[in-house]
Protein chains: 2
Amino acid sequence: MHVYHAGGVIHTPVQNDFEIYENAYICVEEDGRVNGIYSVLPKSMMHFPVTDFGDQILIPAFTDGHIHSAQLPNAGLGYDMPFSKWLGELTYPSERRYREKEVYAAVNRQLIMDFWKYGIMHGAIMSSTDYGATENLFEQYLDSGMCALIGKMNSDLPAYGAAAESTEASIRETELLISKYANKNPCVNYALSPEFVPTCSDALMEFLGDAARKHQLPVITHAAEGTEDVEMVRKRFPQLQTYGNVLKHFGLFGGHPAAAVHYNMAEPEELRDMAELGVIYVQCPNSGMDMGTEKLMIMRKAMNYGVPCALGSDIAGGHTCNMFRVMVSAMQLSRITALYEPFEPLKTAEVFYMATKGGGKLFGKTGSFETGYFFDALVLDDGMISPFKAESLRERFERILYAADPACITLRFCKGKRIRAPKNRYTKN
Amino acid sequence: MHVYHAGGVIHTPVQNDFEIYENAYICVEEDGRVNGIYSVLPKSMMHFPVTDFGDQILIPAFTDGHIHSAQLPNAGLGYDMPFSKWLGELTYPSERRYREKEVYAAVNRQLIMDFWKYGIMHGAIMSSTDYGATENLFEQYLDSGMCALIGKMNSDLPAYGAAAESTEASIRETELLISKYANKNPCVNYALSPEFVPTCSDALMEFLGDAARKHQLPVITHAAEGTEDVEMVRKRFPQLQTYGNVLKHFGLFGGHPAAAVHYNMAEPEELRDMAELGVIYVQCPNSGMDMGTEKLMIMRKAMNYGVPCALGSDIAGGHTCNMFRVMVSAMQLSRITALYEPFEPLKTAEVFYMATKGGGKLFGKTGSFETGYFFDALVLDDGMISPFKAESLRERFERILYAADPACITLRFCKGKRIRAPKNRYTKN
């Protein structure tokens, strides 16, 4: 057992409210799981070693529910361009370069560095279709001590250009990655990652659905982003009609963990299905706000159907994986759309839940300090953010959230272990 | 003459496009004004001293077109609250505390520090109604080397509570501040600052209009933020009807520099008047996105009428005076509203223009590197932002803009002089 003391402990066991402790102790078992939060340290705990974070604030570490590793170099670039130009001039060239070892090794390393910097101890990462790049991301992640779900993107049908890969290669390489990395490590696991229905053949989706069921692996896929892809799906599957039905039909939703990204065009039945099947909805607010191509799903609407919700950076559709800023953007987006649509804006506790426990559901017991959850935590020092007195811990935390400065994250823990800045396996340092 | 060399020079002499120089020289006259930008240094300039910024990028320093100094401690706080609760629990108490010397001295100092940190060499600051706090802000600013327009807020009628001050005190204190600070210093000047029409008596507005004309001082005021205040103005001035007509009637618009903040409800005639009278429109995107109380003016609409446009932080309606983030928010807001309203989203060059030359119009020749403009500049190092190659200077700049990290601002210049971090006149250091 190890005891941590902090000036404040903040988490969201439920979606709509903070649970806040002043001057509290968190006791963490040897296996890295939280034993409990105590305002007064129980006698039975007093002989354990204590680490005191002073007046700093302890929060659960973040989960980024969706990011494209290959596009990290494009973060912040080209948002003035029309979507097709952005794809052609930035996204595709970036995916092509990501096939070269010296490129993907550097990009993957930077992704891990960025996640570390922003306190993202759990990341759901969609790699490109490239086998080598994906394998390299696994290898580097396994050194980091942090957690990730990583998948080679599957995409064997043409959409905006030629098909990225053959069906046979897609299946063979996915099988190889599954055999190497699926269910082998407590921190890093494989996520089946069909790009989206329009670029996946029936055979490929069947294979992925079978693999998900057989290995109990999560499926993470884009769904129903706009009118165009929804129409393509409707035409191709006249009996099934919706993305949701297609994904269920091929076994991609249901019977194993799953997440759907974007899903702006989800029909009520699809949202009901997600709630029933426990499919996590990942919204990437900056992606919509940076690209401006589609009206985004109103988060409140998905929440009203009982769909479990998470937040993603969607780099490079979105410009940053700073989860503080992703949370602020989610609130800002909801406040603006609430002036046009009949849905209440998101509250601070709600977006914080999504960035911690909500996205954490993809991984298991993370994103909360409830008993039995892993001690995946960030220590926050607000000293450099504002010299002004705060009336409460909540005010201190709100300032940190809106300041969005990663320098306020002074320590990171994953599964009970302190995570230092990742080493570079490609240098001797 | 002094010569500066940089890897890139970026500015926006016109509103809709960047002018970008690679490896260029800027020659600056002894009086701090730009002589010219040169790709090859002319022979006649070669004997002048050169400062080489290496491959760093030089841009015009920012102008924050609107901030409430008294509310700085509230930045990031209370955006879950309904507007009236936010006013009652945060804004008013903050304004009250700002009457105490030890509070306003610390808050004003922090404001100057923040503006320095974020490269805001020109700030339009609305102080509270307090004389002492406003005087202190002038005194501290005069030490800083940076430029500001500062005004004591005028507010002699009750709106949400009691009136903040009497008409007589408002006029007397404003006259005193004008006599001490108006047109006395090249960097810091007085701005007449009526809060908004509903809280200003006819007598007060008459006085302010006269003072603006007589001393040729700028007027900066909130206008037509929502349906409620527009209705109050319509009832009180049945002959004049609109804010614009009232402000013209009392001489607050026209014949001297002026800026209107928010103006979400501006009628077409009001926008035409602003364009004709050169009244600058200051939008504060984060204010709308953080509070979510009103649909904001569509910037493109104001631009289409030829209204000169600027950006403001509106702390604490907005959560930050990081102008990079204010620019990103302006673009994000415009992209979301463009999905609901028939107006093109804002482009990067447009928001950059507003944050530099656009807002700079309140001050004179600042915000651009055109010949005759003051060398008000920021040196940007993108080294820590991204390790990835950029295809162009524009890509390097876009990354800096979206990363929004003030650490990339390595040097600041105002009127040709390097500005160091402000000293604290209240300590001996």
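Contact here means heavy atoms within 4.5 Å. Keep that in mind for what follows. This is a predicted model, and I will go from one residue to the domains, then to the two chains, then to the salt bridges.

I start with Arg396(A). Arg396(A) sits in helix 13 of chain A, which covers residues 393-403. Leaving aside residues up to four places away in sequence, Arg396(A) touches Asp55(A), Gln56(A), Ile57(A), Asp382(A) and Ala390(A). Is Arg396(A) buried or exposed? Its relative accessible area is 14%, so Arg396(A) counts as buried, since the cut-off for buried is under 20%.

Next, the domains. The domain assignment splits chain A into domain 1, made of 2-60 + 367-418, and domain 2, which is 62-360. Taken over C-alpha atoms, the centres of domain 1 and domain 2 of chain A are 29 Å apart. On the domain 1 side, 31 residues are in contact with 27 residues of domain 2 of chain A. Between them the two domains of chain A bury about 2,400 Å², and 71% of that is on carbon and sulfur atoms. Which residues of domain 1 of chain A lose the most area to domain 2 of chain A? They are Gln15(A), Leu401(A) and Arg412(A), and together they account for 28% of what the domain 1 side buries.

As for polar links, there is one salt bridge between domain 1 and domain 2 of chain A. There are also seven residue pairs in polar contact between these domains, with both residues at pLDDT 80 or more. Several elements of chain A give two or more residues to the side of domain 1 that touches domain 2: strand 1 (2-14), strand 2 (17-28), strand 5 (57-60), strand 16 (377-380), helix 13 and strand 17 (409-414). By class, that side of domain 1 of chain A has 19 nonpolar, six polar and six charged residues.

One salt bridge in chain A to look at on the screen is Glu370(A) with Lys357(A), where the closest N and O atoms are 2.9 Å apart.

Now the two chains. The contact takes 47 residues from chain B and 47 residues from chain A. Chain B and chain A bury about 3,900 Å² between them, with 55% of it on carbon and sulfur atoms. In chain B, the residues that lose the most area to chain A are Asp80(B), Tyr340(B) and Phe388(B), together 19% of what that side buries.

How many salt bridges cross the interface of chain B and chain A? The rule finds four. In one salt bridge, the side chains of Arg335(B) and Asp290(A) meet at 3.9 Å, N to O. The same interface has 24 residue pairs in polar contact, both residues at pLDDT 80 or more. Helix 2 (101-117), helix 9 (285-291), helix 11 (323-337), helix 12 (348-360) and helix 13 (393-403) of chain B each supply at least two residues of the side that touches chain A. Of these, helix 11 of chain B gives the most, with nine residues. That side of chain B divides into 23 nonpolar, 12 polar and 12 charged residues.

Last, salt bridges in general. Over all chains the count comes to 32. In chain A, the side chains of Glu135(A) and Lys180(A) meet at 2.5 Å, N to O. This pair links distant parts of the chain: Glu135(A) is in helix 3 (residues 131-144) and Lys180(A) is in helix 4 (residues 167-181), 45 residues apart. Glu135(A) is partly exposed, at 22% relative accessibility. Lys180(A) is also partly exposed, at 36%.

A salt bridge within one helix is Asp210(A) with Arg213(A), at 3.8 Å, N to O. Why are these two separated by about one helical turn? Because Asp210(A) and Arg213(A) are three residues apart in helix 5 (residues 202-215) of chain A. Asp210(A) is partly exposed at 42% relative accessibility, whereas Arg213(A) is exposed, with a relative accessible area of 53%.

Chain B has a pair of this kind in Arg234(B) and Glu231(B), whose closest N and O atoms are 3.5 Å apart. They are three residues apart in helix 6 (residues 227-236) of chain B, and so about one helical turn separates them. Arg234(B) is partly exposed at 29% relative accessibility, and Glu231(B) is partly exposed at 34%. Finally, salt bridges that share partners join Asp80(A), Arg394(B) and Glu398(B) into one network.

Definitions and conventions: Residues numbered from 1 in each chain as written. Chains lettered and ligands numbered in written order. Predicted model: local features only at pLDDT ≥ 70, side-chain atom pairs only at ≥ 80, totals over all residues. Heavy atoms only, no water. Helix = DSSP H or I, 4+ residues; strand = E, 2+ residues; numbered from the N terminus. Buried < 20%, exposed > 50% of the residue type's maximum accessible area, 1.4 Å probe, protein only. Domains from an automatic or database assignment. Buried area = accessible area lost by both parts, 1.4 Å probe. Polar contact = N/O pair within 3.5 Å; in protein donor to acceptor, adjacent residues only side chain to side chain. Nonpolar A, V, L, I, M, F, W, Y, C, P; charged D, E, K, R; others polar.
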